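Please open the model in your viewer and keep the selection box at hand. We will walk through it one stop at a time.

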Amino acid sequence: MFWTRTLISAALLSCALAAFPAKAQYGGAVPVSDIDPSIFQIDEKKFLGTKVNGDVQLIDAMGQEFKLADKLGKPLILVLSYYTCDGSCSIINQDLNAQLADLQGLTPGEDFNVLTISFDEHDGLDSLGVFKQHLKMTESMNGSWTFATFKNTDQIKSFADSIGFTYFWSPQDRTFFHPGAFMFLTPEGRMARVLYALNSSPQDIKLAVFDAKAGEFKPGEIIDFAVSLCYSYNYAEGKYTVSIPLFVGTGALSLGVTSFAVSVLFFRRRRRGRLSK
C-alpha cells in the first residue's frame, strides 16, 4: 500500500542521511530536509513501455566501452545508483543480490542480465571498484551483473528522465536522493516493470522477469509462466499479489461449465427415458 512504500522511502532516506552526517557542519544542529516522497517512486503507468536509448555508451569495471544495447537481447534488470554512496545504494544493490541468490527456475546470464549504472558524473573506475568491493557480491551471477558509468556524462540526466528516474543532490545532507528501484527491461529495451528494494521478494523478481520476456519462453518455463498468471502487479504496493479477479472469474467459469454439463446430461437422460417408453 501507499504507507508501505512511504516507510520504505523513509528507510532509504534514513540510510542516506546516516551515510553523510551533517551535524558538525551546522553547529550541532542537523538541518531538516524538505523531501517530496514522490522522489523515491517512478510513475510506472506513465513510463511502462518506454524504450531506453540503446546507443548510450558505457564503461565497465575493466575500463571497456560498450553500448547499453549490448546487454539486451534478453530481459535486463537495470539499477541506477552512485558509487560514492555507502548507504542506500549499497542496500539497494545488496538487496537485489540477495534476492537473485534465492531465485528459483531462472539462471542469471541465460535468462536475464543485470546492469548497475552510476548517475553521478564524478564516478569513475576507482569509485566503481570500491563500491563493488564494499558490496562483496557473490559469484552466483556468472559474470552477468555489470557495473558501469556513462562515457558521456551529458547523457545522464536525459537518460534518467526518459525512464522517470528522478534524483537530486542535497548540499545540506551531501548525498543524492533517488528511488531504490529495480527496472525490468524487455529484450528490445522497453520498460516492463518496476520493483523496489526492501519491498520485493525472489518471487516478485521472477514474475517481473517473466513480464519482461514478452512472450519469449523456453519450453521448460511454460509451467512457471502458467503459474505466474495467478498473480498480477499491484501498483499501490509495488509488488505482485494473488489475482483475486482471476480466481473469481475462473471459479465462475467452472461453475457455469459444470452447470451446463449437468443440464445437458440431465436433458439427454430424460430424452432417452421418453424414447424408451
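## A tour of rings and core

Start by selecting F177: at 1% relative accessibility, this residue counts as buried (buried means under 20% relative accessible area, exposed over 50%, partly exposed in between, with a 1.4 Å probe and protein chains only). This is a predicted model, in which local features need pLDDT of at least 70 and side-chain atom pairs count only at pLDDT 80 or more, while totals for chains, interfaces and linings use all residues. Residues are numbered from 1 along each chain as its sequence is written, and side-chain values use heavy atoms, leaving out hydrogens and water.

Now add W145 and F147, both buried. Their ring centres are 5.5 Å apart and their planes at 5°, so this pair is stacked (rings of Phe, Tyr and Trp, the last by its six-membered ring, pair if their centres lie within 6.5 Å; planes under 30 degrees apart are stacked, over 60 edge-to-face, the rest tilted). Return to F177 and show F168: these two make a tilted pair, 5.4 Å centre to centre with 40° between the planes. F168 is partly exposed, at 31% relative accessible area.

Next, select Y82, F119, F165, Y167, W169 and F176, which form one aromatic cluster.

Finish with L100. Beyond its neighbours within four places in sequence, L100 is in contact with I77, F112, V114, M141, W145 and I205 (contact means heavy atoms within 4.5 Å).
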